[in-house]
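Ready for some hands-on practice? Grab a pencil and take a look at the model below.

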Amino acid sequence: MTLTETRPEPDAIATGDDFGPTAPSSPHQWTPPTGLAGILSTGDHQVVGRLYVLFALLLSGLALVLGVLIGIERADIDGGFGLFGQANELFQIFGLYRTTLILCGLVPLFLGLATAVIPRQLGASSVAFPRAAAAAFWTWLVGAITHIAATFSYGGLGSLQAGAAREQSVELTVLSLGMIGLGLLAGAGVIFATIVTQRPAGMDLLQVPAFSWSMLVATGVWLFSLPVLLANLVVSWVDMRGADAQGFGGGDAPFEQVAWAFDAPQVYAWTIPMLGIVAEVFTSAHRSRPQMFEPMAFIVGVFGFFSFGAWAQSFFDSANPLASDAHIVTNEVVFTAFGLAIAVVVLAYGGWLAFNAVSAGQRPRITPQFALIAISGALLTAAAVVGVLRVAEPALGVLREFDEDVWRGFFDAMDDLESSSLVTGVMNFAVLGGLLAAVGGLYHWAPRLLGRPLNVPLGFLSVLPLAGGAILIGLTDVLSGLFDQPARPYETSGIADIDSLGFVEALNVIGLIGSIAVLGGLALVALNVARSLTLPVEAEADRGGDA
Amino acid sequence: MADIPVGTPLAAPLARQRTLLVGTVFGTAAALMYFAALFGVYLRERSDALADGGSWIPAGADIQLAQPTVAAWTMLMSVVTMQWAVYSIARDDRTHAILATALTTLFGFSVVITTSFQYTQMGLVADESIAAVLIYTISGSHLAMIAVGLVFLLLMAFRALGGQYSSRQTDGFVAASVFWYAVVFVYVVIWTAIFVLK
């Protein structure tokens, strides 16, 4: 028997489930909506990815504006709250800076790049659940806008004013943050399912490109982190709905409940995809393929494991003195181990990059994306190294459980680091490093993402303020932390403990200049994207990038 | 199109992607992590309250074990019917698959009703103690999880009615069963940690 008949064209086969019954095709050709209706109803992963990137860049810019406002306030520490008027308003903006920078800026920027790029990296036609990807994006966006609006309506994650009537906007702030978390979780689920199920036959997980691998690890860690954040928010919200909050929804407890998401080790978890972007841009710049991929994949996996930080929150600590000693020792030993391990893993990753540079045997092609990922790698290394100082106090605490006077005197300077702005420095180094890597990824994949490359001279022009500003922000936070500047600028009780107030204020002014510089750099990136969109779309064959 | 000689072995069929199953496992793991966090806070608060010599459940509240035990047995029975549905669809027995899904749905509804009835009986005021806040948060979240599970089950039943699932394609039922087993598991933990230990 021979098969000689021509199979029917795919158009003639009814669409729907591959295993379901077929239906006759419609005689009327359906045309997808265009314009605003098209954008609102799209399930195209490229469009959803672009929307993520666009709004994440805008909201990152807003976060940096908030950073500038906080910087202006900190330039005159002992002058009262000159700009904000009250501690509570500074507290609101302080919380919003963190939620906006990480959950409305960095994480969705990675998700946007992943939504647009990963299907192409895997050879898939789309993401696993295109409509869920769109629903995740709109949930996140509506949540983010509501969160910002609620905070500016005298909301925020709690209130410092004891006994004051609770603002409904505080409840809305908490609820909208939950909506952001839900959207990000759904987006992460889509990317996870895409990488697991949409690979072509014969491609195993260790053969996917570095960015896809890093997103697989990242979404895995976010899968375990974001539900904990949601649980914290739901408990706060339920508690604050009653007449008298019992402890989870009162005062600044809502912020305390979610503070772990902005501190080590969890803050590293938000930056996991940068390891994949750095690997891809780095090897591309060296015109080579990644060597020793499996060790790199292992390093990224270990980094993901040690960056999981949902357990490191005070709401899991016991207040019972009998139980707390053993618990706190265990907790702090683990906390210290995680902090040290992250530094080792980041150094190992640097070693992998160095090995690839030597293996390539040629100088890298210097592009804006290469410069950005080089600086972002340096920022992550700085975060990990400063993170070792971050765990010095818990480590000393453990040792002093056994010997009260151990290293007393020599290490006394470490005693207050846990509550100093050094903690903010770790966060800023890591998150701004992630942001720079994401912008590097945007330059790298722009031909695929936007259909046109980004302008190279304008790209180099944006690198300088982005890199310089990010270094200034992180470095001044760390240095002022060593002089005991409190991590939370609204807590005036710590001002008296600051050594060399004038010097710390000068550092804060330099940090403020850094914030303005990063903001300017981001504006140049936005200008570059806007400029490229005015150019004609390149033919598929002419597009660069490695997606 | 080129002729294919007689006797040419057919290529092995491509493995199905199981996208729905992977997505459901992701969502289920997220739900379990959510409850793990809630139980972490609950057990820590309870431990602190008891260590201080006080009582965990506030005076005036009467949390009976009868309704939660009935609900727990109902949930456990739903495991049997859920697995019956998966077993049936894998053998092209749609009638039994839909019947078993309907029974599972019925069990789920009855747990919602039992829990709602218990809320009216236990006299626990939500904003008067930490215990009340946490109990309502956990059990309320579980009711929401049941609701999601019921919608999932009904959707799968309707798709089975439409002939979409068979022994060649069981993913929808398997995915719904994974989520439903997680619903049952969480209730067993609630029954133990909240209602038995009190």
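Here are some exercises, each followed by a worked solution.

**Ground rules**

This is a predicted model, where local features need pLDDT of at least 70 and side-chain atom pairs count only at pLDDT 80 or more, while totals for chains, interfaces and linings use all residues. Residues are numbered from 1 along each chain as its sequence is written, and chains are lettered from A and ligands numbered from 1 in the order in which they are written.

**Exercise 1. Work out what chain A is built from and how many of its residues are buried.**

Step 1: Start with the elements. Chain A has 16 helices and zero strands. Helices here are DSSP runs of H or I with at least four residues, strands are runs of E with at least two, and both are numbered from the N terminus.

Step 2: Now for burial. A residue is buried if 20 or more other C-beta atoms lie within 10 Å of its own, exposed if 12 or fewer, and partly exposed in between, with C-beta atoms placed from the backbone. In chain A, 54% of the 547 residues count as buried.

Step 3: Finish with contacts, which are pairs whose C-beta atoms, placed from the backbone, lie within 7 Å. Take the contacts in chain A with a separation of 6 or more: 85% of them are between residues 24 or more positions apart.

**Exercise 2. Do the same for chain B, then decide whether chain B is spread out or a compact globule.**

Step 1: Chain B has five helices and zero strands, and its elements run α-α-α-α-α from the N terminus on.

Step 2: Compare the radius of gyration with the rule. The radius is taken over C-alpha atoms, and the globule rule is 2.2 Å times the number of residues to the power 0.38. Chain B comes out at 22 Å, well over the 16 Å that the rule gives for 198 residues, so chain B is more spread out than a compact globule.

Step 3: Check the dimensions. The C-alpha trace of chain B spans about 85 × 30 × 20 Å along its principal axes.

Step 4: Add burial and contacts. Of the 198 residues in chain B, 36% are buried. Among contacts in chain B with a separation of 6 or more, 81% join residues 24 or more positions apart.

**Exercise 3. Describe how α4 and α5 of chain A pack.**

Step 1: Find the helices. In chain A, α4 covers residues 130-152 and α5 covers residues 168-197; they pack at an angle of about 155°, with their axes 7 Å apart. Axes are lines fitted to C-alpha atoms, for helices over the stretch in contact, and angles run from 0 to 180 degrees between N-to-C directions.

Step 2: Classify the angle. Under 35 degrees counts as roughly parallel, over 145 as roughly antiparallel, 65 to 115 as roughly perpendicular and the rest as oblique. So α4(A) and α5(A) are roughly antiparallel to each other.

Step 3: Sort the contact residues. Ala, Val, Leu, Ile, Met, Phe, Trp, Tyr, Cys and Pro count as nonpolar, Asp, Glu, Lys and Arg as charged, and the others, Gly among them, as polar. The contact of α4(A) with α5(A) has 17 nonpolar, ten polar and no charged residues.

**Exercise 4. Now try α1 and α5 of chain B.**

Step 1: Helix α1 (residues 19-51) and helix α5 (residues 171-196) of chain B pack at an angle of about 10°, with their axes 9 Å apart. That makes α1(B) roughly parallel to α5(B).

Step 2: Pick out some residues. Those meeting in this contact include B:Phe35 and B:Phe39 in α1(B), and B:Val178 and B:Phe179 in α5(B). By class, the contact of α1(B) with α5(B) divides into 17 nonpolar, three polar and one charged.

**Exercise 5. Hunt for backbone oddities in the loops of chain A.**

Step 1: Look between α4 and α5 of chain A, where A:Tyr154 is found. A:Tyr154 has a positive phi of about 65° although it is not a glycine. With 15 C-beta neighbours inside 10 Å, A:Tyr154 counts as partly exposed.

Step 2: Move on to the loop between α9 (272-285) and α10 (293-307) of chain A, home of A:Arg287. Phi of A:Arg287 is also positive, near 50°. A:Arg287 has 11 C-beta neighbours inside 10 Å and so counts as exposed.

Step 3: Check the peptide bonds. The one from A:Ala264 to A:Pro265 is cis, with omega near 0°. A:Pro265 sits in the loop between α7 (253-258) and α8 (266-269) of chain A.

How values were computed. Two residues are in contact if their C-beta atoms, placed from the backbone, lie within 7 Å.
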